[in-house]
Amino acid sequence: MLSAVGTGSILFTPRVAAAYQYELLWLLILVVFFMWVMIREMARFSIVSGCTMLEGMHTLPGPRNWAVWLIFVPQLLAASVGIAGLSAVVGSAAGTFLPGGMTVYALATVGLCTLLTTTGRYLFIEKVSRVLAGALLVITVVAAALVFPGLSEVSPGLAASWPSDADLYVIMPWVGTILAGSMGIVWFGYWTATRGYGGGLEGHEKDDEIPAEAEAEDRKAKTEFQPPELDIYRARAWIRIMTRTALLGVVAGATVICSFLVLGAELLAPEGLMPEGTNVASDLTRLYADIWGTTGTWLMLAAIFIALGGSVLANQDGWGRSFADMTLILIRHRRHADTPGFMLGSLRWLEARTGWQTLERIFLKRLFIVVITGLVPALIILLFRDPVEVMSVSGIIAAAHTPFIVLTALLVNQLRLPAALKPGWLATISMGLAGLFYLGFGVVYFARFIG
């Protein structure tokens with residue numbers, strides 16, 4: 001729930017509320033429902049199989065690793081742009097009220113977070129930020145309650161309607177970042193496994209900061225997951241627990257997002273104020289400042305630092321784990337080949353010249369954090385100064401990539417899980433509708449963009 005309070009809440013929800021007030025409340029509720037279904041089905045596979053959904057996609061019929069490649073390549077771009085955008089918003093907040101300028105603080109955010117995630121200090125910072133973020137979420141809900149206009153003003157937004165002046169460049173990044181982005185739904189399976197749901201992940205250390213053998217040489221990709229008959233009841237019990245956990249997370253996260261929707265509609269819309277450009281942070285401070293004055297300004301700045309800075313840390317860690325896993329999957333079949341290929345060949349070349357254990361999962365995770373979520377975002381920050389534009393691109397990529405991840409995961413669950421543990425007809429239909437919903441959004445947006 002805390003990790004969901006990122007750009008979708010603090011940045012894009014106030015923008016949508018400033019433009020359309022409560023007109024798209026029904027869309028928020030629909031996306032929250034779809035998000036619950038999607039993260040639930042991702043975690044189902046991990047609980048039953050003991051493997052990540054990425055491993056499941058590796059076993060799909062067709063060209064080798066086609067699904068993994070189609071996730072890996074777009075997410076390299078999404079990761080770099082997403083981290084750059086988050087850091088730029090934090091930099092905008094610091095640069096607005098402190099000497100030094102936005103770019104300096106944005107680069108400092110990238111550098112500090114990269115250092116924390118690669119040295120293992122991230123886990124301690126995460127625990128502290130949870131307490132602070134929890135307090136700030138309470139403040140947000142209280143602020144929304146103070147300006148809440150009443151159900152009669154909000155209830156029309158529950159009826160499905162579309163604004164006559166709809167701007168998909170404003171709406172689509174919001175849809176793509178409500179609660180979780182395209183890879184965020186995959187990471188929920190990692191989280192449940194780390195907490196021991198269903199027994200955890202096979203072949204992985206409980207604490208990924210402890211170096212371990214990345215892959216056993218003789219480990220073969222699984223093509224079927226058939227737990228013993230007696231384990232079916234245990235797996236069903238874990239799925240029920242996970243379902244309730246996912247529901248708690250999305251309901252609590254949605255409460256916070258709705259609070260920002262109220263604040264944006266009541267405080268920004270009447271003044272025609274749309275948070276954008278390099279002044280995005282000063283615009284956002286109005287959400288608290290109009291209620292609590294100067295104290296509210298500093299509370300909002302703290303919310304930006306803690307929530308978005310925490311999102312940089314969490315996203316660097318999540319993308320690092322995912323990219324490491326995908327790399328090991330992609331090079332697995334070439335381990336003993338005479339021609340190792342570009343990816344494996346490059347890692348072996350680096351290992352021969354440095355002595356680093358380049359095929360260790362922990363090494364690959366840190367390599368991707370430094371390069372893809374560290375150096376490349378720093379370059380993007382130097383080239384593009386508008387944090388809203390950068391984050392909008394990231395949100396659009398997330399919304400456009402989500403249907404592929406969702407529909408592929410649905411295929412994995414139907415093909416690879418035993419009949420007794422497959423998703424039921426209601427979950428299957430809901431998952432399919434979620435994928436088609438995001439697909440339709442992406443098609444309409446790109447059609448308008450080309451036009």
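**Figure 1. Confidence across the predicted model.** pLDDT is the predictor's confidence in each residue, on a scale from 0 to 100. This is a predicted model, and its protein chain averages a pLDDT of 82, with 89% of the residues scoring at least 70. Over residues 205-225 the pLDDT falls below 50, although this stretch still has 51 contacts in the model beyond near neighbours in sequence. Where pLDDT is low, the predicted coordinates should not be read in detail.

**Figure 2. The whole chain at a glance, with 16 helices and 0 strands.** Of the 451 residues in the protein chain, 55% are buried. Take the contacts between residues at least 6 apart in sequence: 82% of them join residues at least 24 apart. The accessible surface comes to about 18900 Å², and carbon and sulfur atoms account for 66% of that area.

**Figure 3. Arg15 and its contacts.** Arg15 sits in helix H1, which covers residues 7-20. Is this arginine buried or exposed? Arg15 counts as buried because its relative accessible area is 4%, under the 20% cut-off. Setting aside neighbours within four places in sequence, Arg15 touches Val170, Met274, Pro275, Glu276 and Val388. One of these partners, Val170, is itself among the buried residues of H8.

**Figure 4. Helix H8, a mostly covered helix.** H8 spans residues 168-177, and 9 of its 10 residues are buried. Among them are Leu168, Ile171, Met172, Pro173 and Trp174. Just after the helix, look for Leu179, which takes a positive phi of about 70°.

**Figure 5. A salt-bridge network in helix H2.** Side chains of opposite charge can pair when their charged atoms come close. Here Arg40, Glu41 and Arg44 are linked in a network of salt bridges. In the Arg44 to Glu41 bridge, the closest N and O atoms are 2.8 Å apart. Both residues lie in H2 (residues 25-49), 3 residues apart, which is about one turn of the helix. Arg44 is buried at 6% relative accessibility, and Glu41 is buried at 2%.

**Figure 6. Asp317 and its two partners, Arg321 and Lys365.** The bridge from Asp317 to Arg321 brings the closest N and O atoms to 2.7 Å. Both residues belong to helix H12 and are 4 residues apart, about one turn of the helix. Asp317 is buried, with a relative accessible area of 6%, and Arg321 is buried too, at 14%. Asp317 also meets Lys365 in a salt bridge of 2.9 Å, N to O. Asp317 is in H12 and Lys365 in helix H14, so this pair ties together parts that are 48 residues apart in sequence.

**Figure 7. Aromatic side chains in company.** The whole structure holds 15 aromatic pairs. One of them, Phe323 with Phe368, is tilted: the centres are 5.4 Å apart and the planes meet at 50°. This pair links distant parts of the chain, with Phe323 in H12 (residues 286-331) and Phe368 in H14 (residues 361-383). Both rings belong to buried residues. Elsewhere, Phe33, Phe34, Trp36, Trp162, Phe437, Tyr438 and Phe441 form one aromatic cluster.

**Figure 8. A nonpolar patch on the surface.** Leu407, Trp425, Leu426, Ile429, Leu433, Leu436, Leu439 and Val443 make up this patch, with about 810 Å² of accessible area together. Which helix gives the largest share? Helix H16, residues 425-450, contributes 7 residues. Leu407 comes from helix H15 (residues 387-416) and counts as partly exposed at 33% relative accessibility.

Key
Residues numbered from 1 in each chain as written. Predicted model: local features only at pLDDT ≥ 70, side-chain atom pairs only at ≥ 80, totals over all residues. Heavy atoms only, no water. Patch = residues over 30% accessible without salt bridge, like charges linked within 9 Å, V, L, I, M, F, W, Y side chains within 5 Å. Areas by Shrake-Rupley, 256 points an atom, 1.4 Å probe, with all protein chains shown as cover. Salt bridge = Lys/Arg side-chain N within 4 Å of Asp/Glu carboxyl O. Helix = DSSP H or I, 4+ residues; strand = E, 2+ residues; numbered from the N terminus. Buried < 20%, exposed > 50% of the residue type's maximum accessible area, 1.4 Å probe, protein only. Contact = heavy atoms within 4.5 Å. Phe/Tyr/Trp six-rings, centres within 6.5 Å; stacked < 30°, edge-to-face > 60°.
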